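Please read the points below with the model open beside you. They deal with how the parts are laid out and where they touch.

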Amino acid sequence: MSVSPEQVRHIAKLARIAMSNAELERLVPELNNILGWVEQLAEVDTGGVEPLTAVIDQKLRLRADAITDGDCREAILANAPDAEHGFFAVPKVIE
Amino acid sequence: MADSTAPYRVKGDTGEWEVVVGLEVHAQITASKAKMFSGAATAFGAEPNTQVSLVDAAMPGMLPVPNQECIRQAVRTGMALDAVINRWSRFDRKNYFYADLPQGYQISQLYHPLVGPGEVEILLDDKDENSVKQIGIERIHVEQDAGKLMHDQHPTKSYVDLNRCGVALMEIVSRPDMRSPAEAGAYLRKLRAILRYVGSCDGNMEEGSMRADVNVSVRKPGGEFGTRTETKNVNSVRFVMAVIEHEAKRQVELIEEGGEVAQETRLYDPDKNVTRSLRSKEDAHDYRYFPDPDLLPLELDEAFLEECRSSLPELPDAKRKRYEGLGITPYNAGVLTAEVETARWFDALLDAGAEPRQGANWVVAELFGALNRRNETLATTGISPVEAAELLKLVADGTISGTLAKQVFEIMLETGDAPSRIVEERGLKQTSDTGAIDAEIDKILAANADKVAEYKGGKPQLFGFFVGQTMKAMQGKANPQVVNERLRAKLD
């Protein structure tokens, strides 16, 4: 399996990562190296081995239903480039 | 009346078409106080961005921890829909960028949902308990809601409120089993009723706690499935039905003109009653799902499932059957079980000793009539089931007549007083005292000698006039049966 320059450009666009042609030229072989490397793992026979979902044998912890957080609007909005009337203000987004 | 079980068909130039409908219902888990993955509050209508934690705002380094109550409610909902509960499920990231989603992805469950196949039973005809149809449920998964955008507050800016961001949703995906707007309406109403019985979601469509994505396609009856469109975020039963009707017609016209239905997302405009294409970029659906590395798989043990199961209330179908077993008509049983508040109120009425048939008739006719007239609900009215049972008992044991009961009920509505007190204080007890009744009858017959002569001369319909006059003279308190008997004795 390998990726084409078009696929890499597409993925970059979906992830909103701007990419120059020079970067693209460098990244395509790099990504293909990684993919080839992962592909090697597929050669191992894993028949009868349970899928490993985490390296530490732990269970997902659940939280009790209690209000323990929030009510910190100033902190939430502090890093926003623009905020008005308690809202984040962003360039108009409407279809 | 039209046969509501006849197949729904869209008439085109090339013959009749069948419509195929599937619904994806997003139901907010309103039962939880806190959000799905954070400890921020979920209450509706708070000041903007006051119910947002650093997790919801997707600050770097924050980690999600699932709320046990949200999982519990989704499992209970699944059980109420007779669905398979998956003891092992997993969370996935659905990646997309939008201003209402600070994480850049929604935590959802694509590959291993919490709840698998189940079903909902609907009635195609409210008055016919045999007109049942099963609508398949494909799955229910839990996911996070996004924030809210406001576009009309500023000429060049959109405002973002993240209060809803991270609130737990259940996405309930039906199979494409519905064949008409009416079936979709019946399914939604039934699903909403079940959610409200379970208590997982309040079903409040106005506040957005329940909304539907409507999948519609058309085909020649019994033929291959056509290409479907998906109309997003429809927020009332009526609108869902309108979308199906409109969208089926549009697709039939399009196909018959030689066009092709595009698999696309559409939006419904309730003001114009049309759907329009949401022309998004072609890669908008490229969500690049992958397992969320912040969350381990969700594993449920038997004790957890058992608690979910044993905490389920009696559900609408079981309750309806039980009511019918008590002698209540299928129609009344349907009305009484359609809303959980009504059913609880009626159960309390039965507990207070009301006779089921009489009680059901009274609630459906008298109580609902009065509530409608007064623009009230069971929640706002002061009438308690105990007082209502007392009123019904006064009728059943002959203390007051049906006519007097209506009068007492009106006074109860106005004053909030107990019926026995009203009857006592206002002297409304029904009388069978023949002496008093005879005295009034004699006066009336004497004062209306002309009518008595007419009656005797062959106008039997005048009998009702004498009954009416007597009841009026007795201020409605005479036992109608005794009045009839005494009048017959004197006139015939």
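**Notes on domains and interfaces**

1. A salt bridge joins the side chains of Arg196(B) and Glu339(B), with a distance of 3.2 Å from N to O. The model is a predicted one, so treat this distance as computed. Four salt bridges are found across the interface of domain 1 of chain B and domain 2 of chain B. Between these two domains there are also five residue pairs in polar contact, counting pairs with both residues at pLDDT 80 or more.

2. Where do the domains of chain B begin and end? The assignment puts domain 1 at 10-307, domain 2 at 314-406 and domain 3 at 434-491. The C-alpha centres of domain 1 of chain B and domain 2 of chain B are 35 Å apart. Their contact draws on twelve residues from domain 1 of chain B and 16 residues from domain 2 of chain B.

3. About 1,200 Å² is buried between domain 1 of chain B and domain 2 of chain B, and carbon and sulfur atoms give 52% of that area. On the domain 1 side, the residues that lose the most area to domain 2 of chain B are Glu129(B), Arg196(B) and Tyr197(B), which together make up 54% of what that side buries.

4. Which elements of chain B give two or more residues to the side of domain 1 that touches domain 2? They are strand S6 (118-123) and helix H2 (181-198) of chain B. H2(B) gives the most, with seven residues. By class, this side of domain 1 of chain B has six nonpolar, no polar and six charged residues.

5. An unreviewed UniProt entry places the feature "domain: Asn/Gln amidotransferase" at residues 344-491 of chain B. Over residues 344-491 the chain is 70% helix and 0% strand, and the end C-alpha atoms lie 50 Å apart.

6. Chain B also meets chain A: 54 residues of chain B are in contact with 39 residues of chain A. The area buried between the two chains is about 4,000 Å², of which 60% comes from carbon and sulfur atoms. In chain B, Phe97(B), Tyr159(B) and Leu296(B) lose the most area to chain A, together 15% of what that side buries.

7. Two salt bridges are found across the interface of chain B and chain A. The side chains of Glu84(A) and Lys157(B) form a salt bridge at 2.6 Å, N to O. The interface also has 25 residue pairs in polar contact, both residues at pLDDT 80 or more.

Terms used
Residues numbered from 1 in each chain as written. Chains lettered and ligands numbered in written order. Heavy atoms only, no water. Domains from an automatic or database assignment. Contact = heavy atoms within 4.5 Å. Buried area = accessible area lost by both parts, 1.4 Å probe. Polar contact = N/O pair within 3.5 Å; in protein donor to acceptor, adjacent residues only side chain to side chain. Helix = DSSP H or I, 4+ residues; strand = E, 2+ residues; numbered from the N terminus. Nonpolar A, V, L, I, M, F, W, Y, C, P; charged D, E, K, R; others polar. UniProt positions renumbered as here; feature names shortened; annotations may be inferred.
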